[in-house]
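Please open the model in the viewer and set the display to cartoon, with side chains available on demand. The tour proceeds by selection, from helix contacts to domains.

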Amino acid sequence: MDEQLFFQKLNSLCTSKEIFDFLSSVEIMSDTMASGALQRISEVAMDDSGLKNPEGVLENEVFRALCFQFEFESSKLSNTGLLNALQALIKLRIDPRSMLLASLLSEAEKRLGKGQLTVKNLCALGESLLELEGPSCATLERIVNHMQEKDMEMWTPREIVMVYKMLQGTVGEGKQYQDLLNRLNSVTLTIVSQLSPKFTSIILNSLVVLHQTQAVPLVTALCRHSVKHIPYFTGDELVNVLEAFLYFEHREQAFTVALETHVPKSIITMQPQTVSKVMQYCSQKRILSKPIFDAVAEDFISDADRFTTEQIAECIMPFGTLNYLPPSASSLFRKLETVLHARLRHFQAHTLLNLLHSCVLIQRYPVNFLPKIFSPYFLQQLQAQPPGLDRTVTTQLTHLFLTVTLECPFYEGPKLLPKYQVKAFLMSDSSPDVHLLKRVKAGLLYLLKKRMYFSSEVSTPYFYTLDIEIKLDEEGFVLPASQCEEVHRRIALCVDGQNRFCINSHNLLGEEAIKQRHLQLLGYEVVQIPFFEIESIQNCRKMAEYLHEKIFSHTYGLSC
């Protein structure tokens, strides 16, 4: 039978029985065809738990006949037939101590020693040995040495991808193969423009797995190249690319623009894992893309059941993190509440806390679920699961507690016990911009003449830290910062640097928005000093004029 027709027919078969029946009808097979048949059997007969029907496969006469041929005629096999058969039999979990595998491995190592194996063959042998013996396998070093001797500049993109995939399996061996990787990275950089969507995704994934943080030129080139492939990536390929963008902290505006075009058009057919990864990408990069967020909201409303609990949290949390309510917000959060009621017990404790905390950032109050959150049993669950009750988790719990206290006075359920409350919120991601704060303080000093009339980075009894606080008496005179009596008004200046906003946007992040909202409810007059209003102000006098207009728009006086 013609090999091309053979493989077409073989790949259309979906069970081991169909394959064995087909093989029985073929009178003569090349070793490549026979090893291809073993590979197809390993694909259809295996699942996550192993071989689905061991007796039906291993005891089958056709299978045993194939194995007999491979065991006793290994020296007559082509390189492709030999190594494909070895890979398939290892995947089928044939006993590594069996004569069959011993014969094939011995022949493969003999050919390795004679230098008879191509790059493709070396990769196939390497992957087989990694599967059998792990990254500490001694023969692996010989394989890598043979690769080093070859002319890498002549390798095809497919061969380069195969080497990256094989090296992924060596990740536990530290920097042992870094010399080969350095050469491979340099050669790959010259052919980036030739890479297909599949190869681009595989190489980016390999660079992540192999921690190639020093390969900046290659990562940058691959990320830029991936922009044109966005409509053509499969779901898994796009996930790999997004993970690479996150891991290498790469930013590419054209990539975001392409995503904004692609996601709304394709979201109905996108896998839930891909949708949630897109949202995770936007959230971690602080990219408020309204087209993407609106499309994800609509998709969740129409088909929430297809998402796992983890994916639900990954899709919804960015709305709170980036402080955005889509046009369909009321339907979105009604749907979320319905899903929570139906699947609450399926949520991991930390996943549920992250989800509900993100909701309060945008004034969506999960009061029906707070009794569970504040219950001793749930707090024990949080403590038992990593990361336990660390500072971030207790900050989230305290945030929820303060929110229901200030914004939900009708809530009468259990409260958070003081021992679980933090003394001050952890706001590491939105700490004040030191340079900006220094300029504002210089302007205030110019305006108020003395440093005693304002204080900076002030801790409050309400968990928040103020960037700058100014106290006024009943007549509007500025009081010394240390004075506690006769304070009629407290002004909280929020000096908001770029790190408190979505990227390329004037939209405050959720944690900063809730802070300013809570400070107002606690009686402070909140004055926002955003970076985009003061970045062009050149000197102290101009800054003082700006601050006078912003804080004391009518009049002010000094108490001295």
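Which residues in helix 18 and helix 20 meet? In this predicted model, select Thr309, Glu310, Ile312, Ala313, Ile316, Met317, Gly320 and Thr321 in helix 18; they meet Thr351, Asn354, Leu355, Ser358 and Leu361 in helix 20. Sorted by class, this contact of helix 18 with helix 20 has six nonpolar, six polar and one charged residues.

Next, show helix 18 and helix 20 (residues 349–361) as cylinders: they pack at an angle of about 25 degrees, and their axes are 8 Å apart. That angle makes helix 18 roughly parallel to helix 20. The crossing in which helix 18 passes helix 20 is left-handed.

Keep helix 18 (residues 309–321) and add helix 19 (residues 329–343); here the packing angle is about 150 degrees, with the axes 12 Å apart. Helix 18 is therefore roughly antiparallel to helix 19. Helix 18 passes helix 19, too, in a left-handed crossing.

For the side chains, select Thr309, Ile312, Ile316 and Phe319 in helix 18, which meet Leu332, Phe333, Leu336, Val339 and Arg343 in helix 19. The contact of helix 18 with helix 19 comprises seven nonpolar, one polar and one charged residues.

Now zoom out and colour the chain by domain: domain 1 covers 1–116, domain 2 covers 348–422 and domain 3 covers 434–552. The C-alpha centres of domain 1 and domain 3 are separated by 73 Å.

Finally, select residues 491–549, where an unreviewed UniProt entry places the feature "domain: RAP". Over residues 491–549 the chain is 44% helix and 20% strand, and 14 Å lie between the end C-alpha atoms.

Notes
Residues are numbered from 1 along each chain as its sequence is written. This is a predicted model: local features need pLDDT of at least 70, side-chain atom pairs count only at pLDDT 80 or more; totals for chains, interfaces and linings use all residues. Side-chain values use heavy atoms; hydrogens and water are left out. Axes are lines fitted to C-alpha atoms, for helices over the stretch in contact, and angles run from 0 to 180 degrees between N-to-C directions. Helices (H or I, at least four residues) and strands (E, at least two) are DSSP runs, numbered from the N terminus. Angles under 35 degrees count as roughly parallel, over 145 as roughly antiparallel, 65 to 115 as roughly perpendicular and the rest as oblique. A crossing is left-handed if the near helix is turned anticlockwise from the far one by less than a right angle, and right-handed if clockwise. Contact means heavy atoms within 4.5 Å. Ala, Val, Leu, Ile, Met, Phe, Trp, Tyr, Cys and Pro count as nonpolar, Asp, Glu, Lys and Arg as charged, and the others, Gly among them, as polar. UniProt positions are given in the numbering used here, feature names are shortened, and annotations may be inferred rather than shown by experiment. Domain bounds come from an automatic or database domain assignment.
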